[in-house]
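Got the viewer open? Let's take a walk through this one, picking selections as we go.

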Amino acid sequence: MAVQNETGDPPAKSRGGSVPSFVYDPVVRGYVFQFLLAAVLVWLAWDIASNTAENLQRANIASGFGFFDDRAGFEIAQSLITYSSDSSYGDAFIVGLLNTLLIAVLGIIFATIIGFLVGIARLAPNWMLRKVATVYVEIFRNIPVLLQLLFWYKAVLSVLPQPRNGIEMPFGANLSNRGMIIPRFIPQDGFAIVVIGFAIAVVAAIVIARWAHARQMATGQQFKTMRVVLALIIGVPVLLYLVTGMPLEVEYPVLTGFNFRGGIALKPEFIALLLGLSIYTAAFIAEIVRAGIKAVSWGQSEAAYALGIRPSLTTRLVVIPQAMRVIIPPLTSQFLNLTKNSSLAVAIGYPDLVSVFSGTVLNQTGQAVEVIIITMAVYLTLSLSTAAFMNWFNSRMRLVER
Amino acid sequence: MKNTFIPVLAGAVVAMTAVSAANAATLDDVKKKGFVQCGVSTGLAGFSNPDDKGEWTGLDVDYCRAVASAIFDDPKAVKFSPLSAKERFTALQSGEVDILSRNTTWTMSRDTQMGLAFVGVTYYDGQGFMIPKSLGVSSAKEIDGASVCVQTGTTTELNLSDYFKANGMTFNPVVLEKLEEVNAAYDAGRCDVYTTDASGLYAIRLTMSKPDDHMVLPEIISKEPLGPAVRQGDDQWFALNKWVYFALLNAEEMGITQANVEEMKTSENPNIKRLLGVDGDFGASVGLSADWAVKVIKGVGNYGEIFARNVGTETPLGIERGQNALWTEGGLQYAPPVR
Ligand SMILES: N[C@@H](CCC(=O)N[C@@H](CS)C(=O)NCC(=O)O)C(=O)O
């Protein structure tokens, strides 16, 4: 290597068997082993990939990603983008992905709300409330989530009537075993003004909140932030809506033939999945919240009371911020679990990524290897992004130590 | 296999060799393990369905039993793998099953891009619709806007879209993976219409809580030639499977039955003598004994007997021979001669 020998003799010999010192250098060794490990991993990945490709070819199974542009030829029950059987497999992939994201985001929101409520209820002074919360947690935490999903689906389907006998709901909505059909609002000309007004109100609210906070820090004067912010965010759009002449058209669902036309359908599959995942995950979140609150020692509250701070403010300003430190990291894994569990949608026919892409698309194209790899990559990306976001959030909530 | 010098990696590498191993002579593997591994449905009356004793029965099942009879002279030398529509091709490609005999439609993409080789058409079928009688519908043209229950990973899913599109109608698909889930959803009224192969509809109707409340609409919207498939790349196994199917048809055509096959061996008819191995040794070329067809017919009977036993007019399914009659009776079932 580094030692060059004019005569061409091996360097080790000419130096009487002594070995260059860097062989014993732990840093150099570290790099060498890291490099070797990386090389083995790369070689292994390459070997698996090339073997797979070779075997697929030998078995006459098509491979590659060209199928993404081919016509899909099948319909999907629920789609957030325009999709028909004439769209491509690539479009079908996006439809499935968006449906997965939809259920994950809504599920996380609902699970968090229910979880916090139940978690706090478990510590409530009221005996009844405490017991109800305990029973909730023990039931839903201990039954496999797949069974719960099937249960909700069967329950939703068997309780709800046929569309002809659908239950009339407020605001022209209708509930039947085709789902909850709600009126659709179709924006007319001028609705953009309302949206822009809303955006400006939100920005203004943020600015005001910051100013109020800074002022309170500097002078100790309080400002009724909550009321002003609410007035802005709700008042401005409502006012603009009225001023522009109510530029929203409402499309009510009407029963024609077999099913409802018009409106937006929240399908039974969607409702069952959202219910099942939220309720299941909320049971875990409740325990995390309870643990988080209990982790804040009673002395903290006592100290706050001694300073004359009201109990509600104590909870909000002293207990919760400290509890959040304990709550957020395990909360992250619950969010990840919910996202991954959403792939059980396939069992109850909700068209998520697994059902649409690694179900129908896989089967119609026969390209199992490609489809499964992409699906795994998507879930990995979703999980890593959720985790990254929660890490960022966690670092913001961390107790600033002085 | 290349690159096996690092023993630690052997495990991972073995996993990747499954496909190439499956390309080896399937017949030798089958003989070695002593049974045929046969992929069937998870339960479709008349085609592949476990009875109350757990024995598999049905037309698709009997085909696998026929192959087992040809090899082992024992129709029971079969193990069955129940597969959903979605699982079936991977199971065959990966070598998990030796034969896929599971009401599978022969299509070009399956035949060319998925590494499958279709043996023949054991049942000519087409896609239909089933509806509750209470809907008061008499034609598939009247189901615009309906919710339709369908199983994932089938040709059914595609034909459905084509049909509604061609007729300027819309529908709401309810797509489920497991057959029993589709059945349950339809039975619970989640959909107005159930669609699949007509034969399947008859079988599924029987599993409904009130079969008489449902009817199959007259329209048949597609061609569904159903048949067994094997992996590409093993010509001997492919030929063996083809000729077992042909033997079933030829036997019916020549009037050879499970009951009379022994005495037919003494027949003077040269076609019969060749089929039953009295004259010539045609079995050897596909790795079987000379009297392979005798074993097949003794094991399961001829095609007509299999049909009558599993789906025919005497069974709960009550299906007429129709297109599945022999060509000599105006049907489509036709087999090349043994020569
Ligand atoms: N022939 C069609 C459909 C076959 C199919 O899977 N049919 C369903 C409904 S009749 C079935 O047999 N399912 C049984 C199961 O999943 O076990 C195809 O090959 O794609």
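Start by selecting both chains and looking at where they meet: 51 residues of chain B are in contact with 49 residues of chain A. Keep in mind that you're looking at a predicted model. Putting the chains together buries about 4,200 Å² between them, and 52% of that is on carbon and sulfur atoms.

Now, how many salt bridges are there between chain B and chain A? The count is four. For one to centre on, pick E181(B) and K154(A), whose side chains come together in a salt bridge at 3.7 Å, N to O. Polar contacts are there too: 13 residue pairs across this interface, with both residues at pLDDT 80 or more.

Colour chain B by secondary structure next. On its side facing chain A, the elements that each give two or more residues are α1 (10–16), α2 (18–22), α5 (88–93), α7 (155–166), β10 (172–176) and α8 (179–187). Colour that same side of chain B by residue type and you get 22 nonpolar, 18 polar and eleven charged residues.

Stay at the interface and select R190(B) with E269(A). Their side chains form a salt bridge at 2.7 Å, N to O. This pair crosses between chains: R190(B) sits in the loop between α8 and β11 (193–197) of chain B, while E269(A) belongs to helix α8 (residues 268–295) of chain A. If you want the overall tally, there are 17 salt bridges over all chains.

Next stop: chain B by itself. Make two selections, domain 1 (25–122 + 227–328) and domain 2 (125–223), as the domain assignment has it. Their C-alpha centres lie 29 Å apart. Where they touch, domain 1 of chain B brings 17 residues and domain 2 of chain B brings 15.

Between them, the two domains of chain B bury about 1,300 Å², 59% of it on carbon and sulfur atoms. Which three residues supply more of the area that domain 1 of chain B buries against domain 2 than any other three? Show L44(B), K86(B) and L317(B): together they account for 29% of it.

Leave K86(B) on screen and add E177(B). Their side chains meet in a salt bridge at 3.8 Å, N to O. The count of salt bridges across this domain interface is one, and the count of residue pairs in polar contact, both at pLDDT 80 or more, is also one. On the domain 1 side of this contact in chain B, the residues split into seven nonpolar, six polar and four charged.

Last, lay the UniProt annotations over the model. In chain B, an unreviewed entry lists residues 35–264 as "domain: Solute-binding protein family 3/N-terminal". Select that stretch of chain B and you have 33% helix and 23% strand, with the end C-alpha atoms 28 Å apart.

Then jump to chain A, where an unreviewed UniProt entry gives residues 97–384 as "domain: ABC transmembrane type-1". That span of chain A is 70% helix and 9% strand, and its end C-alpha atoms are 16 Å apart.

UniProt, again in an unreviewed entry, also lists transmembrane regions in chain A, among them residues 190–209 and 229–250. Select 190–209 of chain A: the span is 95% helix and 0% strand, with 29 Å between its end C-alpha atoms. Finish on 229–250 of chain A, which comes out at 68% helix and 14% strand, its end C-alpha atoms 29 Å apart.

Note on methods. Residues numbered from 1 in each chain as written. Chains lettered and ligands numbered in written order. Heavy atoms only, no water. Contact = heavy atoms within 4.5 Å. Buried area = accessible area lost by both parts, 1.4 Å probe. Polar contact = N/O pair within 3.5 Å; in protein donor to acceptor, adjacent residues only side chain to side chain. Helix = DSSP H or I, 4+ residues; strand = E, 2+ residues; numbered from the N terminus. Nonpolar A, V, L, I, M, F, W, Y, C, P; charged D, E, K, R; others polar. Domains from an automatic or database assignment. UniProt positions renumbered as here; feature names shortened; annotations may be inferred.
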